[in-house]
Amino acid sequence: MSASLILAGGSLSAQQGTFDPATTVWLEAEGFDSKGGWVVDQQFIDIMGSSILLAHGMGKPVQDAQTRVVFPKAGTYRVFVRTRNWAAPWTEEFAPGQFQLVLNGKTLPAKFGSEGNPWHWQQGDDVTVDADRLTGTLALRDLTGFDGRVDAICFTCDEKFTPPNDLPLLTPYRREAIGLPQIIPDAEEGPFDLVVAGGGIAGTCAAISAARLGLHVALVQDRPLVGGNNSSEVRVHLQGQINLPPYPNLGNLVAQMNHRRDGNAMPADYYEDEKKMNLLAAETGVKAYFCTRAVGVEMEGKKIAAVIGKDTETGREQRFIAPLFADCTGDGNIGYYAGADWRMGRESRAETGEPLAPETGDKMTMGASVQWYSVETDTATTFPVLPWAVSFRHDTAKPMLKGDWDWETGLNYDQIWDFERIRDNGLRAVYGHWAYMKNQADGDWPEKVRNRQLGWVAFIAGKRESRRLLGDVILQEQDIVGKRPWPDACVTTTWTIDLHYPTDQNTRDFPGEEFMTVARHKRIEPYAIPYRCLYSRNIENMFMAGRDISVTHAALGTIRVQRTGGMMGEVVGMAASLCKKHHTTPRGVYLEHLDELKALMEKGVAPPPVPQSRSAASQPAWLKNAGKNLARDANVTVSSEHSSGLYSAAHVNDGIYDLSNNGSRWVSSHHEDTSHWVTFRWEKPVKINAFRVLTGQAGAGSPQTPIRDFVFQRVYSSKWGNIESTAVTENQQCDVARRFPEIEVQELCLLITVTPGNIARLWEVEFYDLKE
């Protein structure tokens, strides 16, 4: 059977004109010899057929990118740069991302990135090249630090030639200009038993799981490191419980990727990229292809014969041949190219019968987060007023020093084809907010930000939802809530059905361009999803793992968190090993070898995780003789409650502290630069000389994210003051107990000053009057 080739961006055959090396020089920006401070951005390859270089300086011009350039002959060359004014969808008056070319040390006059909304060839001033300077140096000089971007540069001495811009014409021309062959070569290390596209937690676990069961695996990952949203490029901490029935050893591999510290939008070392990279490197059965984007497939009937990978810097292409493939791209790209059935957006209630579904289906998805934080500096800093950024006023601004997951945008745009706009709107919001903080904020905020600057702003946006590839089972809300049993139950999902929407205020203040969201939660019991969600119903040899599996929009709300996706990857690796052993398909594993799959899931592909020291609810020795927990008699008030309405203050002293049950906690709202507090008031004074605090959230085999810095306070002369003997700093324990000199009080306040993600989480607070 002959194979058909499907590629993002167009076919291999040139359709109009050919590259003439005798008159024209073509330079891909992402292929520059030295990137300087510019970064390679591959997020929009599917839209434009190429990576770009981005000057992501957070308002400070980045170091020049440089490369060698060779002209074919002396003469006058016209200069074209493929770029755009990225703010033009909102304003054509201002252009934030401007840059210049520097040829052999001479700065060319034109300022590029200054005009035009869509990607186009902006023409600069002509240059004269002398016979003795045919070989030289070309540099990209950023002028602003605000995300100027370049696709390619073209010099031509052909007066009649203008480089093609429309993708069907540009793609074959580009291929010829950079010397790509008509026949795409096979990857030298292939063929493989399994090709995994996407190196997030799900894809990495799929590759390692399969390799540990004897398969030869290719992992095709379009960034220079694995981890996806959990990498230091996006900075979302791992969520979801692992090691639960019916297969407690599912999650053992995920646990090997756990990081010691939690929180979103934290410094890069929190996410321990090196741990994940070392774990992958130790697997001799996995060949990882970094900076390689899966951009197409070859099909033989209803089976994928090969995935086409493109190097995001050189443009070099390779065929990854295998009998089995796993789409762990998040966007469902492999399935899309292959013609797999898929959905995107919200199903209607009439279609699915789900209570959370809207009456009328639509294209709305959850959005992508552009997280950020500011840092302290030794001296005062400035930041410009930005007329092209989102404009804030005192009544629309929410002053803060850090942006977490809820800086989320693009819910009403297409998360594939509109993604550059979505990411850019997130950048406009961050920059506009910081411009407000530095130039307009009132109260004590000017003093707070005087010695601060932006420390990190994500340019790789953290997606939650796009395409969902359809399998033999499409998991729905009522399956999960009603605990529908499945014969092929596998991965246990534990996260709430957590769906995101623009906040009402954000919609009111910034209609159509929202960038802040609220999470609405529906609590579930741990639920094992069916294996049949993990393979395509119409592409015979394709698995899925991660957020692109076969679920409805509502059901995606629980399965999309990364530890859950990692367990899916473990199961996909197991099922792939059975496909090889029995020469069968992913569906064949369900139909004919389900008992073997269950046996592999019972065994796992890694040893059980060692409980971390912070995890245990290890009762203090004095507790067994402590007597009554005096906190039970107190009236409790709190600084805030979580927006989901699921985690009320009543849990703080209800006597329940099941550290495997997140539903029995109080959880605060997200407060930036604001302390959290819990007050206890008794009808009459009580004597107390010991406390116990149970804090955090159920996680990967052990609780995590405990409150870090806290102290108890009492009233001194009508004012709250610290009880210094109760102060705790740099806490990593989820069960904290301490004795202190006895006090007699009618009111106490637990003041929480540092906590992961600026959210406080408490199972229980206990007070005792010890008699020994």
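Visitor: Quick one to start: how many bridges join strand 22 to strand 25?

Guide: Two bridges do that job, and the two strands run antiparallel. Strand 22 covers residues 368-369. Keep in mind that this is a predicted model.

Visitor: Which residue is the bridge partner of Ala 368?

Guide: That's Thr 409, over in strand 25.

Visitor: And what order do the strands of that sheet come in?

Guide: The order is 25-22-27, three strands in an open sheet with antiparallel pairing. Strand 25 (408-409) and strand 27 (462-463) are the edge strands, each pairing on one side only.

Visitor: OK, what about the sheet with strand 17? What's the strand order there?

Guide: This one is an open sheet of four strands, in the order 1-17-18-19, and the pairing is antiparallel. Strand 1 and strand 19 (317-321) stand at the edges with a single partner strand each, so one side of each has no neighbour in the sheet. From one strand to the next, the twist averages 25°.

Visitor: Is strand 17 mostly covered or mostly open?

Guide: Mostly covered: of the nine residues in strand 17 (residues 292-300), eight are buried.

Visitor: How many bridges does strand 17 make with strand 1, and how many with strand 18?

Guide: With strand 1 (residues 4-7), strand 17 pairs over four bridges, in the antiparallel sense. Ile 6 stands opposite Val 297 there. With strand 18 (residues 303-311), strand 17 has eight bridges, again antiparallel.

Visitor: Which residues stand opposite each other between strand 17 and strand 18?

Guide: Among them, Glu 300 stands opposite Lys 303, and Thr 292 stands opposite Asp 311.

Visitor: What sits between strand 17 and strand 18?

Guide: Two residues, and the strands form a hairpin around them. Gly 301 in that turn has a positive phi of about 65°.

Visitor: Let's switch to helices. How do people describe two packed helices?

Guide: By the angle between their axes and the distance between the axes.

Visitor: So what are those values for helix 3 and helix 13?

Guide: Helix 3 (residues 201-212) and helix 13 (residues 562-582) pack at about 30°, and their axes are 7 Å apart. Angles under 35 degrees count as roughly parallel, so helix 3 and helix 13 are roughly parallel to each other. Their crossing is right-handed.

Visitor: Which residues make that contact?

Guide: On the helix 3 side you have Ile 201, Ala 202, Cys 205, Ala 206, Ser 209 and Ala 210. Helix 13 brings residues including Gly 565, Gly 566, Gly 569 and Gly 573, along with Glu 570 and Met 574. The residues of this contact divide into seven nonpolar, six polar and one charged.

Visitor: And at what angle does helix 3 cross helix 5?

Guide: Roughly 25°, with the axes of helix 3 and helix 5 (residues 273-281) coming within 10 Å. That makes helix 3 roughly parallel to helix 5. The crossing of helix 3 and helix 5 is left-handed.

Visitor: Which residues are in contact there?

Guide: Ile 201, Thr 204, Ile 208 and Arg 212 come from helix 3, while Lys 276, Leu 279 and Leu 280 come from helix 5. That contact of helix 3 with helix 5 divides into four nonpolar, one polar and two charged residues.

Visitor: Where do I find His 216?

Guide: Look in the loop between helix 3 and strand 15 (217-220). His 216 has a relative accessible area of 29%, so it's partly exposed.

Visitor: What does His 216 touch?

Guide: Leaving out residues up to four places away in sequence, His 216 touches Glu 189, Pro 191, Phe 192, Asp 193, Leu 194 and Gly 285.

Visitor: How far apart are His 216 and Leu 770 in space?

Guide: They're 62 Å apart, C-alpha to C-alpha, and 554 residues apart in sequence.

Visitor: Last one: where's Lys 483?

Guide: In the loop between helix 10 (477-481) and strand 29 (489-493). Lys 483 counts as partly exposed because its relative accessibility is 42%.

Visitor: And which residues does Lys 483 touch?

Guide: Gln 478, Glu 525, Pro 526 and Tyr 527, not counting residues up to four places away in sequence. Lys 483 and Glu 525 are 42 residues apart in sequence, yet 8.0 Å apart in space, C-alpha to C-alpha.

Conventions: Residues numbered from 1 in each chain as written. Predicted model: local features only at pLDDT ≥ 70, side-chain atom pairs only at ≥ 80, totals over all residues. Heavy atoms only, no water. Pairing = 2+ DSSP bridges. Axes fitted to C-alpha atoms, helices over the stretch in contact; angles between N-to-C directions. Parallel < 35°, antiparallel > 145°, perpendicular 65-115°, else oblique. Left-handed = near helix turned anticlockwise from the far one by under 90°. Contact = heavy atoms within 4.5 Å. Nonpolar A, V, L, I, M, F, W, Y, C, P; charged D, E, K, R; others polar. Buried < 20%, exposed > 50% of the residue type's maximum accessible area, 1.4 Å probe, protein only.
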